[in-house]
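Let's take a walk through this one together. Have a look at the two chains first, and then we'll go helix by helix.

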Amino acid sequence: MTENGSFFGSDWLGAFLIIAVLFGGFGGFGFGGNGAAAVDINGALATQSIQQSLGAIQLSSQNNNYETARLIDNQTMYLMNQQNSNLINAIQGYNSTNQALASGFNSVNQNIANLGYKMEECCCGIKTMLLENRLQDTQLALQDAQNKAVTSDQTAYLLNVMGKWVANAPATTA
Amino acid sequence: MPNPMLSLLQGSQSQNNIMMQAIGAMMRGESPQNFMQSLAKNNPALQGLDLNNLNGTAEQLCRQNNIDINDAKSRINQYVNNIK
């Protein structure tokens, strides 16, 4: 039997059969024997199978790692783009808000300025009214004083006349 | 990566496992007749057998032990092919 030749029908097959029958080294073949060699061979085959499986798993793992890295990269780019879009939207939103606030503040400032003007105008009006009221009161007081002065003069004159009359009463004429 | 089969053969040979010795000899390209004759020197069970006609001797032993020769050949052939 050679590595590339047919084992079946070769002298090696006969040799293995003799060994299997006489020494019981092929328990795993199901026709007698102590099974020790079969265990070893089974172990070797299992090891070989395991190593082949491990190789396949390793290759699969490498492919998976590559695919995972690619997916992560894609996902990262996607998320970054999404975040950028979100940031742009947010900034645009902030800009709109800022513009609205600035416009609002401008309107409020204008209203405050107008209110200031009105308050000043109102204050001026009040001061004027107070002064006018005070002037009117003064004028009334003056008028009253003048009236009293006239009355006093008249009273004094009457008293003077009456006094003269009392002192020099005219003779009665019966 | 070391060949697990060769590692196993080296370990088994040291344990004087005849099956492992046979597989090792086969893989080294030795003649099955030479291997069996050298094996017979230390194994009386092999002495007296016709080791120049291994297939014929195997068939005779199978008949004596009520073993289905074709089934045994098929199983060993499949096993060795799996090992290769």
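One term before we start: a residue is called buried here if 20 or more other C-beta atoms lie within 10 Å of its own, and exposed if that count is 12 or fewer. With that in hand, take helix H2 of chain B, residues 18-27. H2(B) is mostly covered, with eight of its ten residues buried. Those buried positions are B:Ile18, B:Met19, B:Met20, B:Gln21, B:Ala22, B:Ile23, B:Ala25 and B:Met26. After H2(B) comes B:Gly29, which has a positive phi, near 85 degrees.

Keep in mind that you're looking at a predicted model, so a word on confidence is in order. For the complex, the predictor reports an ipTM of 0.76 and a pTM of 0.37. Chain A has a mean pLDDT of 80, and 78% of its residues score at least 70. Chain B averages 78, with 75% of the residues at 70 or above. Within chain B, the elements run from helix H1 (residues 4-14), which has the lowest mean pLDDT at 49, to H3(B), which has the highest at 92. Residues 11-16 of chain B sit below 50, and this stretch has six contacts in the model beyond near neighbours in sequence. Chain A has a weak patch of its own: pLDDT stays under 50 over residues 32-38, for which the model has 20 contacts beyond four places in sequence. Where pLDDT is low, the predicted coordinates should not be read in detail.

Now the overall layout. Chain A has two helices and zero strands, and 13% of its 174 residues count as buried. Chain B comes to five helices and zero strands, so to speak an α-α-α-α-α pattern when you read along the sequence. Buried residues make up 32% of the 84 residues in chain B. Among the contacts in chain B between residues at least 6 apart in sequence, 3% join residues at least 24 apart.So where do the two chains' helices meet? Start with helix H1 of chain A, residues 11-23, which packs against H2(B) at an angle of about 175 degrees, their axes 10 Å apart. That angle makes H1(A) roughly antiparallel to H2(B). On the chain A side, the residues in this contact are A:Trp12, A:Ala15, A:Phe16, A:Ile19 and A:Phe23, and they meet B:Ile18, B:Met19, B:Ala22 and B:Met26. What classes of residue make up this contact? There are nine nonpolar residues, no polar and no charged ones. The four residues from chain B also appear in the list of buried residues of H2(B).

H1(A) has another partner in chain B. Helix H3(B), residues 32-40, packs with H1(A) at an angle of about 25 degrees, and the axes are 9 Å apart. This makes H1(A) roughly parallel to H3(B). Here A:Asp11, A:Trp12 and A:Ala15 meet B:Pro32, B:Gln33, B:Phe35 and B:Met36. By class, this contact has five nonpolar, one polar and one charged residues. A:Trp12 and A:Ala15 take part in the contact with H2(B) and also in the contact with H3(B).

Further along chain B you reach helix H4, residues 54-64, whose buried residues are B:Leu54, B:Thr57, B:Ala58 and B:Cys62. Why do these four line one face of the helix? Seen down the axis of H4(B), they fall within an arc of 140 degrees, so they share a face. On the other side of H4(B), B:Gly56, B:Arg63 and B:Gln64 are exposed.

Last stop: B:Asn66, which follows H4(B) and lies in the loop between H4 and helix H5 (69-83) of chain B. Its phi is near 55 degrees, a positive value in a residue other than glycine. Is B:Asn66 buried or exposed? B:Asn66 has 8 C-beta neighbours inside 10 Å, so it counts as exposed.

Methods:
Residues are numbered from 1 along each chain as its sequence is written. Chains are lettered from A and ligands numbered from 1 in the order in which they are written. This is a predicted model: local features need pLDDT of at least 70, side-chain atom pairs count only at pLDDT 80 or more; totals for chains, interfaces and linings use all residues. The arc is that of the directions from the helix axis to the C-beta atoms. pLDDT is the predictor's confidence in each residue, from 0 to 100. Two residues are in contact if their C-beta atoms, placed from the backbone, lie within 7 Å. Axes are lines fitted to C-alpha atoms, for helices over the stretch in contact, and angles run from 0 to 180 degrees between N-to-C directions. Angles under 35 degrees count as roughly parallel, over 145 as roughly antiparallel, 65 to 115 as roughly perpendicular and the rest as oblique. Ala, Val, Leu, Ile, Met, Phe, Trp, Tyr, Cys and Pro count as nonpolar, Asp, Glu, Lys and Arg as charged, and the others, Gly among them, as polar.
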